[in-house]
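Subject: Structure handover

Hello,

Here is the structure I promised to pass on. Please open it next to this email and follow along.

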Amino acid sequence: MKVFMIAAVSADGFIAEHDEHIADWTSPEDKRFFVARTREAGVVVMGGKTFRTIGRAMPGRRNVVYTSKPESINVPDVETTDKPARELIDQLEQEGVHEVAICGGTAIYTLFMKSGLIDEIYLTVEPLTFGTGLTLFNEPIESRLTLLESSKLNDNTLLLHYSVNR
Ligand SMILES: NC(=O)c1ccc[n+]([C@@H]2O[C@H](COP(=O)([O-])OP(=O)(O)OC[C@H]3O[C@@H](n4cnc5c(N)ncnc54)[C@H](OP(=O)(O)O)[C@@H]3O)[C@@H](O)[C@H]2O)c1
């Protein structure tokens with residue numbers, strides 16, 4: 001089982017200006033990369049707040065949404081969960097899943113990174129700043145990463161692909 005995080009960040013390191021900020025600031029090339037890589041994985045896991053900014057299931061992928069209020073996310077083709085991260089990954093593995101994409105936001109990136117479950121990170125750096133906002137993590141998380149690949153998605157947007165050192 002491979003578990004990867006996938007996120008877009010501003011050049012000053014934020015994933016959103018606030019927790020209801022929709023992802024209208026990422027490049028078309030990043031959106032295409034996100035769709036292709038998450039479809040390849042097959043399973044997307046996200047938090048309730050991120051899901052509410054989207055409002056529907058991401059097509060072609062199994063959608064798992066973290067919430068303490070499952071009745072508030074009564075949407076076709078969306079599963080809800082409140083399981084500890086390790087339990088969810090073990091369950092998915094038993095069901096034959098090989099790859100899971102952790103799609104944010106901050107609360108869910110933090111939950112999975114803190115649990116030591118993230119093998120790889122895809123970070124798209126978009127050419128803009130927010131000044132303030134939500135960071136990838138909101139707790140002390142010290143980790144060492146190895147840069148596996150870097151590429152330009154367009155003239156201004158960089159894609160970084162890391163593995164998390166064990
Ligand atoms: N730039 C990017 O790549 C990127 C990616 C994803 C999201 N974002 C942005 O990030 C922002 C949202 O991030 P966020 O950190 O505020 O919220 P979030 O991680 O999307 O969702 C947090 C919510 O998830 C649920 N949750 C979290 N831990 C849980 C647990 N252990 N058990 C059950 N439910 C749990 C709770 O939902 P309930 O309140 O329903 O209980 C909680 O309010 C949005 O602006 C979004 O656009 C950016």
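First, a term you will need: a polar contact is a pair of N or O atoms within 3.5 Å. One such pair links the ligand to glycine 48: a ligand oxygen lies 3.1 Å from a polar backbone atom of that residue. Keep in mind that this is a predicted model.

**The ligand**

Two further backbones make contacts of this kind. At alanine 8, a polar backbone atom is 2.7 Å from an oxygen of the ligand. At tyrosine 66, the distance from a polar backbone atom to a ligand oxygen is 3.4 Å. On its own, the ligand would expose 930 Å², and the protein buries 83% of that area.

Where does the ligand sit? It occupies the largest pocket. Around it are 27 residues. The closest are Ala8, His21, Thr50, Thr67 and Ser68. By type, the shell has eleven nonpolar, ten polar and six charged residues. Three elements each give at least two residues to this shell: strand 1 (2-10), helix 2 (48-54) and helix 4 (106-114).

**Strand 1**

Look at methionine 5, which is in strand 1. Is methionine 5 buried or exposed? Its relative accessible area is 0%, so methionine 5 is buried. Now find glycine 104. The two residues are 99 apart in sequence, yet their C-alpha atoms are 7.8 Å apart in space.

**Into helix 4**

Glycine 104 also takes part in a cis peptide bond, with glycine 105 as its partner. Omega there is about 0°. Most peptide bonds are trans. Glycine 105 belongs to the loop that runs between strand 5 (99-102) and helix 4.

Next comes the helix. Its buried residues are Thr106, Ile108, Tyr109, Thr110, Phe112 and Met113. Take threonine 110 as an example. Its relative accessibility is 2%, and the cut-off for buried is under 20%, so threonine 110 counts as buried.

What does the side chain of threonine 110 reach at 3.2 Å? The answer is the backbone nitrogen of asparagine 138. A polar atom of the threonine 110 side chain is also 2.7 Å from the backbone oxygen of threonine 106. An α-helix has 3.6 residues a turn, so residues three or four places apart point the same way.

After helix 4 comes glycine 116. Its phi is positive, near 70°.

**Two loop residues**

Aspartate 77 lies in the loop between strand 3 (62-66) and strand 4. Its phi is positive too, near 65°, and this residue is not a glycine. Most residues other than glycine have a negative phi. Why does aspartate 77 count as exposed? Its relative accessible area is 67%, and exposed means over 50%, so aspartate 77 falls in that class.

Proline 84 sits in the loop between strand 4 (78-81) and helix 3 (85-94). Its relative accessibility is 47%, so proline 84 counts as partly exposed. Proline 84 and tyrosine 66 are 18 residues apart along the chain, and 10.0 Å separates their C-alpha atoms. Tyrosine 66 is the residue with the 3.4 Å backbone contact to a ligand oxygen.

Over to you now.

Best wishes

How values were computed: Residues are numbered from 1 along each chain as its sequence is written. This is a predicted model: local features need pLDDT of at least 70, side-chain atom pairs count only at pLDDT 80 or more; totals for chains, interfaces and linings use all residues. Side-chain values use heavy atoms; hydrogens and water are left out. A residue is near a molecule or strand if one of its heavy atoms lies within 4 Å of it. A polar contact is a pair of N or O atoms within 3.5 Å; within protein, one must be able to donate a hydrogen and the other to accept it, and residues adjacent in sequence count only if both atoms are side-chain atoms. Accessible areas come from the Shrake-Rupley method with a 1.4 Å probe; for residues, only the protein chains shown count as cover. On a 1 Å grid over the protein atoms alone, a cavity is a set of points where a 1.4 Å probe fits but cannot get out, and a pocket is an open set with protein on both sides within 12 Å along at least five of seven lines; lining residues have an atom within 4 Å of a point. A molecule sits in a cavity or pocket if more than half of its atoms lie within 2 Å of its grid points. Helices (H or I, at least four residues) and strands (E, at least two) are DSSP runs, numbered from the N terminus. Ala, Val, Leu, Ile, Met, Phe, Trp, Tyr, Cys and Pro count as nonpolar, Asp, Glu, Lys and Arg as charged, and the others, Gly among them, as polar. Buried means under 20% relative accessible area, exposed over 50%, partly exposed in between (1.4 Å probe, protein chains only).
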